[in-house]
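Subject: Structure handover and findings

Dear colleague,

Please find below the structure I agreed to pass on to you. I would be grateful if you could read the notes underneath with the model open beside them.

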Amino acid sequence: KGVEEWRNKTNAVLLDVRTVDEYGQGHIEGSVNIPLQNIHAVKNNIPDLDKPIYVHCLSGARSAQATSVLKSMGYTNVTDIGGINSYRGKVVE
């Protein structure tokens, strides 16, 4: 559901907050990888605080944390779409 919503929204970002290793093992094409421990680097990649951001990780725990941090950083349009482990679409390596 969340990935489809991201695909249908103009200029939205799909943010993968898993580790670089996890991302390399398989990710959703078009997603941006910024690991949770580096979440503040988002400011360099997404300067527009109103840009729609869809956040996911493996199971949903890190995406919930990242969503909370992003909102505290001033991002206004952040959606936690949970874990990629429930995603049934195509992934790329």
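The notes below take the sheet, then one helix, and then individual residues.

Please bear in mind throughout that this is a predicted model.

The sheet

The model contains an open sheet of four strands, arranged in the order β2-β1-β3-β4 with parallel pairing. Its edge strands are β2 (residues 32-33) and β4, each of which pairs on one side only. As general background, the strands of a sheet pair through backbone hydrogen bonds, in either a parallel or an antiparallel manner.

Strand β3 has β1 as one partner: the two run parallel and are joined by four bridges. Within this pairing, Leu14 has Tyr54 of β3 as its bridge partner. Strand β3 is also joined to β4, again in parallel, by five bridges. Here Cys57 stands opposite Gly83 of β4. Between β3 and β4 the chain passes through α4, and the resulting β-α-β crossover is right-handed.

Strand β3 is mostly covered, with five of its five residues buried. This holds for both of its faces: Ile53, Val55 and Cys57 are buried on one side, and Tyr54 and His56 are buried on the other.

Helix α4

Helix α4 comprises the 12 residues 61-72. At 1.5 Å a residue it should span 16 Å, and its end C-alpha atoms lie 17 Å apart, so the expected and computed values agree. Its buried residues are Ser63, Ala66, Thr67 and Leu70. These residues cover an arc of only 105° around the axis, and therefore they lie on the same side of α4. The elements that cover them include β1 (13-16), α3 (42-45), β3 (53-57) and β4 (78-83). After the helix comes Gly74, which has a positive phi, near 105°.

Two of the buried residues of α4 deserve a separate description. Thr67 belongs to helix α4 and has a relative accessibility of 8%, so it counts as buried. A polar atom of the Thr67 side chain lies 2.7 Å from the backbone oxygen of Ser63. If neighbours within four places in sequence are left aside, Thr67 is in contact with Val55, Val78, Thr79 and Asp80.

Leu70 is likewise found in helix α4; its relative accessibility is 0%, and it therefore counts as buried. Beyond its neighbours within four places in sequence, Leu70 is in contact with Leu15, Ile39, Val42, Ile53, Val55, Tyr75 and Val78. Leu70 and Leu49 are 21 residues apart in sequence, while their C-alpha atoms are 9.2 Å apart in space.

Arg18

Is Arg18 buried or exposed? With a relative accessible area of 5%, below the 20% limit, Arg18 is buried. This residue is located in the loop between β1 and α2 (20-25). The side chain of Arg18 makes a polar contact of 2.8 Å with the side chain of Asp16. The Arg18 side chain also reaches the backbone oxygen of Glu22, at 3.4 Å. Apart from neighbours within four places in sequence, the residues in contact with Arg18 are Tyr23, Gly26, His27, Asn33, Pro35, His56, Cys57, Leu58, Arg62 and Ile84. Two of these contacts, His56 and Cys57, are among the buried residues of β3.

Asp50

Asp50 is placed in the loop between α3 and β3. Which residues does Asp50 touch, not counting those up to four places away in sequence? They are Thr76 and Asn77. With Thr76 there is a polar contact of 2.7 Å, formed between the two side chains. Asp50 and Asp80, which are 30 residues apart along the chain, have their C-alpha atoms separated by 15 Å.

In summary

Three points may serve as a starting place for your own inspection. The sheet has four strands with parallel pairing. Helix α4 forms part of the right-handed crossover from β3 to β4, and its buried residues lie on the same side. In the loops, Arg18 is buried and has a relative accessible area of 5%, and the side chain of Asp50 has a polar contact with that of Thr76.

With kind regards

Technical notes
Residues numbered from 1 in each chain as written. Predicted model: local features only at pLDDT ≥ 70, side-chain atom pairs only at ≥ 80, totals over all residues. Heavy atoms only, no water. Expected span 1.5 Å × (residues − 1). Buried < 20%, exposed > 50% of the residue type's maximum accessible area, 1.4 Å probe, protein only. Arc of directions from axis to C-beta. Contact = heavy atoms within 4.5 Å. Polar contact = N/O pair within 3.5 Å; in protein donor to acceptor, adjacent residues only side chain to side chain. Pairing = 2+ DSSP bridges. Right-handed = clockwise from strand over helix to strand, strands pointing away.
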